[in-house]
Amino acid sequence: MSAPALIEAPTPTRLWTPKRVLVTRSAAERPHGQRVLARLEAAGVFDVELLAGDRLPNLRGDGDRAAFMAAKDTLALVVPPASKRALQPIAPSADWRLDLAEGCPAHCQYCYLAGSLSGPPITRVFADLDEVLAGLDGYVGRGSVTSGTVARGGEGTTFEASCYTDPLAIEHLTGGLARMVEHFGTHEWPGPVQLRATTKFDDVTGLLGLPHGGRTRLRFSVNAASVDRRFEGATAKVPGRLRALSAVAAAGYPVGLTIAPIMPVEGWQEEYGELLDAVAAVLPADADLTVECITHRFTPGSKETLLDWYPRTKLEMDEASRTTKRGKFGSVKHVYPKDTMGELRGWFEAALADRLPQAQFLYWT
């Protein structure tokens, strides 16, 4: 199924322009790297440094905060190590993690990348996208999160493109997500597949007319109004994301809500109820909709990093009010207590059934 040719695109409310771009020699030689360079020029990004080799320089500042801000304003076009091409499972979202970049230009004060990526938080765009896409056939039918399962087998083998980045945040500069969508929609696959991407941005114009074939599910990360306002800096605000959700659903894409991170803020039932009502108001009646619910959690390492990045944050990260979960390798994660978690989950399950009865509820975590 191809998207209709004429779908009214919402006007994007947030486009990122990096202040500095670093390009490694190998990245500049790749076809996708050359396409990105052309898009950067077209976008008016002129501070582009072509490096003599494949090592990025150190990003220095007058302190940790200055270095952080410089990194957040920097895009690097690189070729990752060959080991990156060996895809990894990414439960509970998808069978396989498919990275087109690492890092994100947004300023979410709860950012989960703070505990996942090391080094300065620059946005690294991978120039070997063509080679990565050419190697995906061997993963079809081999997953364990959706592929072959009873609950989600209808999704086919799933590939998650937004584990370590927000692909729509950089799409106007890279075109990488559109290339993925078109490949998934037109390639002759050895079995059912689905590309998955989630975003806090709204520039979907370049995606609406693509031959997606119904094989890409575009999900929009949404939250209560007070969470969006206080903690989700440099993103498209939720109303813009919902307009984009409506547009891509009208273009025939399967769509989704990633409600995350859920927080029991004051008046949370009313705020999340208003959010679900707003979704129901813009969603086409025949939309294929999924919902994923992720509660707020943090680790000792992510808390330390986030407080370095956002020292004035009002984000609640009090270990004494949380339950500690330990992974099989000794990792520590602080989550809401059982009673709070039960109240949240019970409310969301009932509210989703009432307000969005057509939605498929994928998981709660």
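Visitor: What is the accessible surface of the protein chain, and what share belongs to carbon and sulfur atoms?
Guide: This is a predicted model, in which local features need pLDDT of at least 70, side-chain atom pairs count only at pLDDT 80 or more, and totals for chains, interfaces and linings use all residues. Residues are numbered from 1 along each chain as its sequence is written, and side-chain values use heavy atoms, without hydrogens and water. Areas come from the Shrake-Rupley method with a 1.4 Å probe. The surface comes to about 16200 Å², and the carbon and sulfur share is 51%.

Visitor: Why does the radius of gyration of the protein chain agree with a compact globule?
Guide: The radius is taken over C-alpha atoms, and the globule rule is 2.2 Å times the number of residues to the power 0.38. For 365 residues a compact globule would be near 21 Å, so the chain agrees at 20 Å.

Visitor: What percentage of the residues in the protein chain is buried?
Guide: Buried means under 20% relative accessible area (1.4 Å probe, protein chains only). Among the 365 residues, the buried part is 52%.

Visitor: Which residues touch the most other members of the largest nonpolar core?
Guide: Such a core joins buried Ala, Val, Leu, Ile, Met, Phe, Trp, Tyr and Cys residues through side-chain atoms within 4.5 Å. This one holds 98 residues. Helix α8 (residues 238-250) gives the largest share, seven residues. The residues with the most such partners are Ile259 and Tyr272.

How values were computed
Buried means under 20% relative accessible area, exposed over 50%, partly exposed in between (1.4 Å probe, protein chains only). Helices (H or I, at least four residues) and strands (E, at least two) are DSSP runs, numbered from the N terminus.
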